[in-house]
Amino acid sequence: MFRSLLLFVIKKTLRKDYTPDPNLKSRDIFLILYYKTFDLLRGFSIKYFLGGCNGLLFLGKRCRIKHKSNLHLGRSVNIGDNVEINALAKEGVHIGNNVSILRNTIIECTGVIRNLGTGLQIGNNVGIAQNCFIQVRGRVVIEDDVIFGPGVSIFSENHNFSDTEKPIRDQGETRIGVTIRKGAWLGSGVRILDGVTVGEHTIIAAGSVVNKNVPAFCIAGGIPAKIIKELK
C-alpha cells in the first residue's frame with residue numbers, strides 16, 4: 001500500500017522516469033511520506049506570499065525566506081531544512097520544475113541595499129546539495145539538469161582595488177555574473193568566481209577554484225582549474 005502511494009506521489013511530483021529503489025521497506029516508505037507531508041504543509045503556509053508558485057512546494061524546518069514576493073517557483077520544488085533565501089534582487093529569483101535545494105544552503109541576492117543584486121535563474125531538474133552558497137550580485141544562471149555537490153560556492157562579484165589611496169570597500173564592485181550550462185556537474189567544494197561560464201555537460205573536480213571560462217564537454221580541476229580531459 002505504502003509503495004503504491006509513494007509511486008503515485010512520485011508520478012504527480014517528479015520526473016516520469018524516476019523510480020524508487022526496490023529495496024525500500026514499507027516502514028521506510030511510511031517515514032518518507034510522513035516527513036514529506038509536514039514539508040508540504042509548511043510549503044502551503046508560505047505559497048501564497050510568493051511571487052508565483054506553479055505546483056507543490058516542500059519546505060523543510062527552520063527555513064528563512066526573505067522578500068518572498070521576489071521568489072518565483074515552478075512545480076515540485078524541494079527546499080531542505082535550514083535553507084536561507086534572500087530574494088531581494090532587481091530581477092528576482094526564478095526556480096524551475098523539479099528542483100532540490102538541500103539543507104543549510106544559502107542563496108544571498110543582496111548584501112547592502114545601496115546596490116541590489118541582479119537576479120538568479122535556476123532551470124529544471126537541478127539538484128543543489130547541502131551547505132552550498134550562491135552569491136547573487138551579478139546575474140547567476142543555472143541551466144537545466146545541473147548537479148551541485150555539497151559545499152559548492154558561487155561568487156558573482158569582485159571588489160575593485162586599483163586605487164591605493166582609498167579603502168577597497170569604497171572603490172565599488174565589478175559584476176559580470178556566472179553561468180552554469182545545462183548538464184554540468186560541480187563536485188564537492190568547488191568555487192566558481194565572477195565572470196565564469198561553465199560549459200554544457202562539463203565536470204568540475206571536487207575542491208577546484210574556477211576563475212576562467214571552462215568549455216563544454218570536458219573535465220576540469222585544480223587551483224586554478226584547468227582542463228584535464230575532453231569528453232568529446
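**View 1. Phe-155 is partly exposed, with a relative accessibility of 27%.** "Partly exposed" lies between buried (under 20% relative accessible area) and exposed (over 50%), using a 1.4 Å probe and protein chains only. Phe-133 is also partly exposed, at 21% relative accessible area. This is a predicted model: local features need pLDDT of at least 70 and side-chain atom pairs 80 or more, while totals for chains, interfaces and linings use all residues. Numbering starts from 1 along each chain as its sequence is written, and side-chain values use heavy atoms, leaving out hydrogens and water.

**View 2. The count of aromatic pairs here is 4.** Tyr-34 and Tyr-35 are edge-to-face, because their planes meet at 70° and their ring centres are 5.5 Å apart. Phe, Tyr and Trp (six-membered) rings pair with centres within 6.5 Å; planes under 30 degrees apart are stacked, over 60 edge-to-face, the rest tilted. With a relative accessibility of 40%, Tyr-34 counts as partly exposed. Now meet Phe-133 and Phe-155 again: they form a tilted pair, with 50° between the planes and 5.8 Å from centre to centre. This pair links distant parts of the chain, since Phe-133 belongs to strand S12 (residues 133-135) and Phe-155 to strand S15 (residues 153-155), 22 residues apart. Helices (H or I, at least four residues) and strands (E, at least two) are DSSP runs numbered from the N terminus.

**View 3. Phe-30, Tyr-34, Tyr-35 and Phe-38 are linked into a cluster by ring pairs.** To find one member of the cluster, look for Tyr-35 in helix H2, which covers residues 26-47.

**View 4. An open sheet holds 7 strands in the order S1-S4-S7-S10-S13-S18-S21, with parallel pairing.** At its edges you will find strand S1 (52-53) and strand S21 (197-198), each pairing on one side only. Strands pair if DSSP finds at least two bridges between them. Look at S1 beside strand S4 (residues 71-73): they run parallel and are joined by 2 bridges. In this part of the sheet, Cys-53 is placed opposite Leu-73 of S4.

**View 5. Another open sheet of 7 strands follows the order S3-S6-S9-S12-S15-S20-S23, and its pairing is parallel.** Strand S3 (64-66) and strand S23 (209-210) are the edge strands, each with a partner on one side only. Inside the order, strand S6 (residues 84-86) is joined to S9 by 3 bridges, in the parallel sense. Follow these two strands and you can spot Ile-85 facing its opposite residue, Ile-107 in S9.

**View 6. Leu-116 sits in the loop that connects strand S9 (106-108) to strand S10 (120-122).** With a relative accessible area of 25%, Leu-116 is partly exposed. How far apart in space are Leu-116 and Val-209? Going from C-alpha to C-alpha, Leu-116 and Val-209 are 26 Å apart, and in sequence 93 residues separate them.

**View 7. Strands S24 and S25 form a hairpin, with 4 residues between them.** In the turn, look for Gly-222, which has a positive phi of about 110°. Strand S24 (residues 218-221) and S25 run antiparallel and are joined by 4 bridges. Across this pairing, Ile-219 stands opposite Lys-229 of S25. How many buried residues does strand S25 (residues 226-230) have? The count is 0 among the 5 residues of S25, a strand that is hardly covered.
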